[in-house]
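Reader: Hey, got a minute to go through this one with me? I'd like to start with the ligand and then poke at the odd bits of backbone.

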Amino acid sequence: MTTTSETVSYEIVDDVGLICLNNPPVNACGYSMRRGIFEAVKALGPKVQAIGIYGANRAFIAGADITEFGKPIAEPTMPEVCLALENCPVPTVAVMHGPTLGGGLEVAIAAQARVALPNLLTGFPEVTLGVLPGSGGTQRGPRLIGIRATLDLATSGRRIGADEALSLGLVDRIDEGEPREVALRFAEDAISGALATRRTAEITVQADRTALTEYANRMRKTQANLFAPHRIVECIALSTGDFTEGMDRERQGFFDCVASPQRAGLIHAFFAERAVAKIPIEDAIPRDIGSVGIVGGGTMGSGIATACLLAGLDVVLKEQHQRACDRALAAISKNLAGAVKRGKLTEDALANILNGKFKTTLEYADFSETDLVIEAVFEDLAVKAQVLQQLDTVVKLGGIIATNTSYLDVDELAQSTSRPDRVIGLHFFSPAHVMRLLEVVVGENTAPEVVVTGFALAKRLKKIAVWSGVCDGFIGNRILNHTRKVADYMIMDGATPTQVDRALKDFGFAMGPFSVLDLAGLDIGWAARKRRAPTRPPEERYVEIADRICEAGWFGRKTGRGYYIYGDGDPVENPDVFRIIEEERSNAGIAPRKLSDEEIVTRYLTAMASEAARVVADGVALRPIDVDAVELFGYGFPRHHGGPLHYADQVGIKTLIARIEEFATEDAYYWQVPELLRDMVEQDQVFADFN
Ligand code: T1G
């Protein structure tokens with residue numbers, strides 16, 4: 001083999017040149033690979049009759065190396081590499097296997113023919129990273145599969161398998177074998193003519209104004225907040241024209257996207273999902289979990305049971321009486337039927353689950369063989385402690401006892417058992433079989449093996465596990481408790497719930513805070529406020545609006561009214577809430593003033609970032625990126641803004657401090673500047689420095 005870079009080598013077998021790409025784990029294509037491919041094609045062209053290019057490891061090319069984005073790009077650029085493959089004097093054949101995404105697909109469609117292995121996963125996911133296919137995807141894609149199919153793949157970012165790729169015309173063949181062997185075989189076929197080869201750029205694109213107009217309108221309607229989707233449609237529209245001009249315009253579009261803060265936010269979100277799996281435990285081995293016990297078959301217990309069953313685990317669920325067991329079974333069956341409808345589960349698998357992998361019980365004794373038991377009972381310390389004590393008497397030696405509490409003291413709960421080292425918090429988010437976030441709450445006595453087992457279970461459930469220390473509300477609910485207060489302050493000062501919700505939705509949140517509270521149930525926050533009342537700082541500004549809404553029995557969606565009234569159509573404002581707001585303003589002697597949407601968003605995000613900074617400073621979160629992950633994957637923080645602490649870096653720490661001080665005049669207690677922020681300014685640091 002001859003190496004042309006640290007990640008690329010080639011060999012000559014008879015009349016065939018074989019280029020091997022080797023950059024584990026997923027063959028991300030950075031400078032080394034670009035240079036290696038470029039040099040290998042140049043070296044082989046004059047010496048052979050055909051070239052096969054393939055990937056070692058589990059991918060052809062997973063895409064451009066996204067850690068290089070925003071940095072100067074050393075030549076050869078990816079477009080130059082693609083042109084070298086396309087214009088090679090001899091046929092070039094790409095073997096696509098495993099993740100062949102973004103730039104990986106662009107390299108493949110620049111080759112003169114493509115062969116897919118059955119495990120191919122391909123597509124243009126660039127839009128999910130805030131960029132566009134910048135190495136010919138918007139120009140070569142339409143030449144191979146047409147404008148409409150390219151619009152679909154490039155604006156959705158969806159991934160497709162080998163069969164769909166073949167039917168679209170993205171690949172020429174599907175075959176089996178080791179990538180090198182397949183590359184050799186089909187390069188020989190290219191020489192013999194058994195495999196037709198052609199230069200993609202020479203193919204004429206069929207115009208499709210209907211598709212272009214349809215997608216342009218759809219992006220304006222559904223992606224108004226984002227930058228890249230619209231540029232993608234514009235670039236694809238150019239594919240009917242001159243290829244070189246189209247490539248130039250695409251490249252400019254790519255650079256415009258890279259320069260956008262949305263690209264920084266989306267890539268931060270990509271890495272956040274992966275960073276949180278890196279926890280400070282080296283030598284513990286996760287315990288094998290084959291069966292899970294659940295105490296409580298309410299919304300959370302049924303959701304957790306559904307998530308475990310979908311992951312192939314055996315589940316035993318305990319309730320207090322048979323009617324409750326039957327209700328839990330009905331809820332789980334409904335959840336699983338939804339999974340069948342979404343194609344996530346087959347009918348046979350559903351039957352197998354309900355006929356063997358799931359059972360209910362009225363007896364704690366039935367947990368004697370389960371590896372891990374999760375309590376999901378009423379959110380009350382005494383009730384949960386009593387359940388843990390019962391579990392302590394039946395769960396086998398080495399078994400794990402988990403609590404699904406959403407803000408109670410896990411250490412106190414652990415102390416109610418004889419084995420606090422086997423107790424951990426697994427805070428699921430409702431609906432538990434859908435929401436990806438799982439806060440793994442690590443108590444002061446929780447054993448390392450129990451922690452890594454919690455993370456391994458999360459991975460099995462396809463959840464994003466984030467390590468949290470013990471405090472009131474852990475990471476997400478602690479921050480929510482703070483931002484909810486600020487939202488209350490703003491409606492006392494003159495805004496309406498609708499205005500606050502709309503302003504934050506326009507910023508990119510899936511839902512505004514008052515809509516979220518109505519969805520979750522206003523009684524939950526009410527109980528928490530009553531619990532915290534004895535320790536609430538006397539100087540804290542307290543707003544009674546939410547309490548008065550609850551005193552009227554309005555708990556949100558579950559009672560048909562809360563901040564809004566819920567009927568058949570869209571939710572409508574609750575006039576009684578306006579009356580309560582006016583009365584509370586009058587009681588507080590407040591003359592309402594107009595708040596701009598900008599002020600609403602700034603106050604809300606400043607509150608979120610300042611409490612997130614405290615969460616990091618208190619050591620409740622391992623790193624700032626863990627807090628961003630919690631907000632991104634559990635609380636609807638807009639991905640293109642990357643999370644509250646990424647947002648703080650974008651705004652600037654000094655600006656964040658100035659904004660906190662600006663608001664301190666009105667709500668003194670909650671607007672103290674976290675010392676961490678002042679230290680960071682002194683050391684000229686940003687939150688990214690700690691990730
Ligand atoms: N660049 C750099 N590192 C990457 C990477 C990439 N493209 N893809 C993955 N990694 C790292 C990842 O951070 C992790 O690191 C390790 O590889 C394993 O990944 C020019 C501009 C390929 C489906 O969007 O979707 O091409 O945590 O844990 O679950 O027009 O990674 O081990 O240190 O995710 O098996 C387009 C992104 C880029 C694909 C594998 N490509 N990657 O999933 O493993 S833009 C993508 C993925 C582009 C062109 C444009 C997934 C995967 P660490 P993993 P996995």
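Reader: So, how far is an oxygen atom of the ligand from an N or O atom in the side chain of glutamate 126?
Author: That distance is 3.0 Å. Keep in mind that this is a predicted model.

Reader: Fair enough. What about the side chain of arginine 274, how far is an N or O atom there from an oxygen atom of the ligand?
Author: For arginine 274 the value is 2.7 Å, again from a side-chain N or O atom to a ligand oxygen. Overall, the protein covers 77% of the accessible area that the ligand has on its own, which is 990 Å².

Reader: And which part of alanine 64 lies 2.8 Å from a ligand oxygen, backbone or side chain?
Author: The backbone: one of alanine 64's backbone N or O atoms is 2.8 Å from an oxygen of the ligand.

Reader: How many residues surround the ligand, and which are the closest?
Author: There are 28 around the ligand, and the closest are Ala64, Gly103, Glu106, Arg274 and Lys278.

Reader: Which pocket does the ligand sit in?
Author: The second largest pocket. Two or more residues of the shell around the ligand come from each of β6 (63-64), β8 (99-101), α3 (103-110) and α11 (261-275).

Reader: Which element gives the largest share of that shell?
Author: That's α11, with 3 residues.

Reader: OK, switching to cysteines. How many disulfides are there?
Author: The structure has 0 disulfides. Take cysteine 88: the nearest cysteine sulfur belongs to cysteine 82 and is 13 Å away.

Reader: Is cysteine 88 buried or exposed?
Author: Buried, because its relative accessibility is 1%.

Reader: Why is there no bond between cysteine 235 and cysteine 257?
Author: Their sulfurs are too far apart for one: cysteine 257 has the closest cysteine sulfur to that of cysteine 235, and the gap is 7.7 Å. A disulfide would need the two sulfur atoms within 2.5 Å. Cysteine 235 is buried too, at 4% relative accessible area.

Reader: Now the backbone. What kind of peptide bond runs from proline 24 to proline 25, cis or trans?
Author: It's cis, with omega near 10°. Proline 25 is in the loop between β3 (16-21) and β4 (28-29). Most peptide bonds are trans, so a cis one is worth pointing out.

Reader: And the bond from serine 430 to proline 431, cis or trans?
Author: Also cis, with omega near -5°. Proline 431 lies in the loop that links β17 (423-428) and β18.

Reader: What is phi of asparagine 27 near?
Author: Near 55°, a positive value in a residue that isn't glycine. Asparagine 27 is in the loop between β3 and β4, and it is buried, with a relative accessible area of 0%.

Reader: And lysine 462, what is its phi near?
Author: Phi of lysine 462 is near 60°, so a positive value in a residue other than glycine. Lysine 462 sits in the loop between α17 and β19 (464-468). With 67% relative accessibility, lysine 462 counts as exposed.

Reader: Last one: where is asparagine 445?
Author: In the loop between β18 (437-441) and α17 (448-460). Asparagine 445 is partly exposed, at 34% relative accessible area. From C-alpha to C-alpha, asparagine 445 and alanine 116 are 51 Å apart in space, and they are 329 residues apart in sequence.

Note on methods:
Residues are numbered from 1 along each chain as its sequence is written. This is a predicted model: local features need pLDDT of at least 70, side-chain atom pairs count only at pLDDT 80 or more; totals for chains, interfaces and linings use all residues. Side-chain values use heavy atoms; hydrogens and water are left out. Buried means under 20% relative accessible area, exposed over 50%, partly exposed in between (1.4 Å probe, protein chains only). A residue is near a molecule or strand if one of its heavy atoms lies within 4 Å of it. A polar contact is a pair of N or O atoms within 3.5 Å; within protein, one must be able to donate a hydrogen and the other to accept it, and residues adjacent in sequence count only if both atoms are side-chain atoms. Accessible areas come from the Shrake-Rupley method with a 1.4 Å probe; for residues, only the protein chains shown count as cover. On a 1 Å grid over the protein atoms alone, a cavity is a set of points where a 1.4 Å probe fits but cannot get out, and a pocket is an open set with protein on both sides within 12 Å along at least five of seven lines; lining residues have an atom within 4 Å of a point. A molecule sits in a cavity or pocket if more than half of its atoms lie within 2 Å of its grid points. Helices (H or I, at least four residues) and strands (E, at least two) are DSSP runs, numbered from the N terminus.
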